[in-house]
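Colleague: Please take a close look at a single part of this model for me. I would like one connected account.

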Amino acid sequence: MTDTRGPQYEGYATGPLPGEREPASGQAGPYHPPQAYASPAGGTQGGGTQGGAQGATGGQATRLPRTGARTTPRTRKARLRVAKADPWSVMKVSFLLSIALGICTVVAAAVLWMVMDAMGVFSTVGGTISEATGSNESNGFDLQSFLSLPRVLIFTSVIAVIDVVLATALATLGAFIYNLSAGFVGGVELTLAEDE
């Protein structure tokens, strides 16, 4: 078998193996990467000093603080446009809000009736009305039996149910009308700011 690699590969065959070679003369210690600023202890690991004048005098290079930096935080603002309102989501939200408003109306009517009854408003006003509308044969109009608590709660519940239906329908119709108008004028623009 004939070796055809030429004379440049002869050193590999006769030289030491990679584990038997001695280290290079220039790398006796650990490797230190170059640094942008000089070492605060006065060493020269990063390649000397910071400036030309400091290099000539041999003084330590220190990083000076920046002057004129902004200290007040900047408030970020974003300008957005409501281009379309989904009628289905508007209907769901308005339905839940109108139900909550109806429950608050019924509770408020019951509390108001109890307060007025405890103050004696119904008995005083009812006595005056019965005297004004009464005659020798009849006692007149009885306000206390007409404005009893069950009747007031039933009447308020009917009003609350009607309010739920009308508010849901009007909010959904308003979403359709807004989408039509936003197609012509572009919609409502909002400016949102980040709270710092």
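Modeller: What follows is a walk along helix 6, from its overall span to single residues.

Bear in mind that this model is predicted. Helix 6 covers residues 149-185, 37 residues in total. Does its length fit the geometry of a helix, and what are the numbers? At 1.5 Å a residue, the expected span is 54 Å. The C-alpha atoms at its two ends lie 51 Å apart, which agrees.

Next, burial. Which residues of helix 6 are buried? They are Val152, Thr156, Ala160, Val164, Thr168, Thr172, Ala175, Asn179 and Ala182. Helix 3, residues 87-119, is included in what covers them.

Take Asn179 from that list. Asn179 sits in helix 6. Its relative accessibility is 18%, so it counts as buried; the cut-off for buried is under 20%. What does Asn179 touch, leaving aside its neighbours within four places in sequence? Its contacts are Lys84, Ala85 and Pro87.

Now compare Leu173. Leu173 is also placed in helix 6. Its relative accessibility is 47%, so Leu173 counts as partly exposed. That class lies between the buried limit of 20% and the exposed limit of 50%. Leu173 and Val90 are 83 residues apart along the chain. Their C-alpha atoms are separated by 9.5 Å.

Last, the end of the helix. What follows helix 6? Gly186 does. The phi of Gly186 is positive, near 100°.

Conventions: Residues numbered from 1 in each chain as written. Predicted model: local features only at pLDDT ≥ 70, side-chain atom pairs only at ≥ 80, totals over all residues. Heavy atoms only, no water. Helix = DSSP H or I, 4+ residues; strand = E, 2+ residues; numbered from the N terminus. Expected span 1.5 Å × (residues − 1). Buried < 20%, exposed > 50% of the residue type's maximum accessible area, 1.4 Å probe, protein only. Contact = heavy atoms within 4.5 Å.
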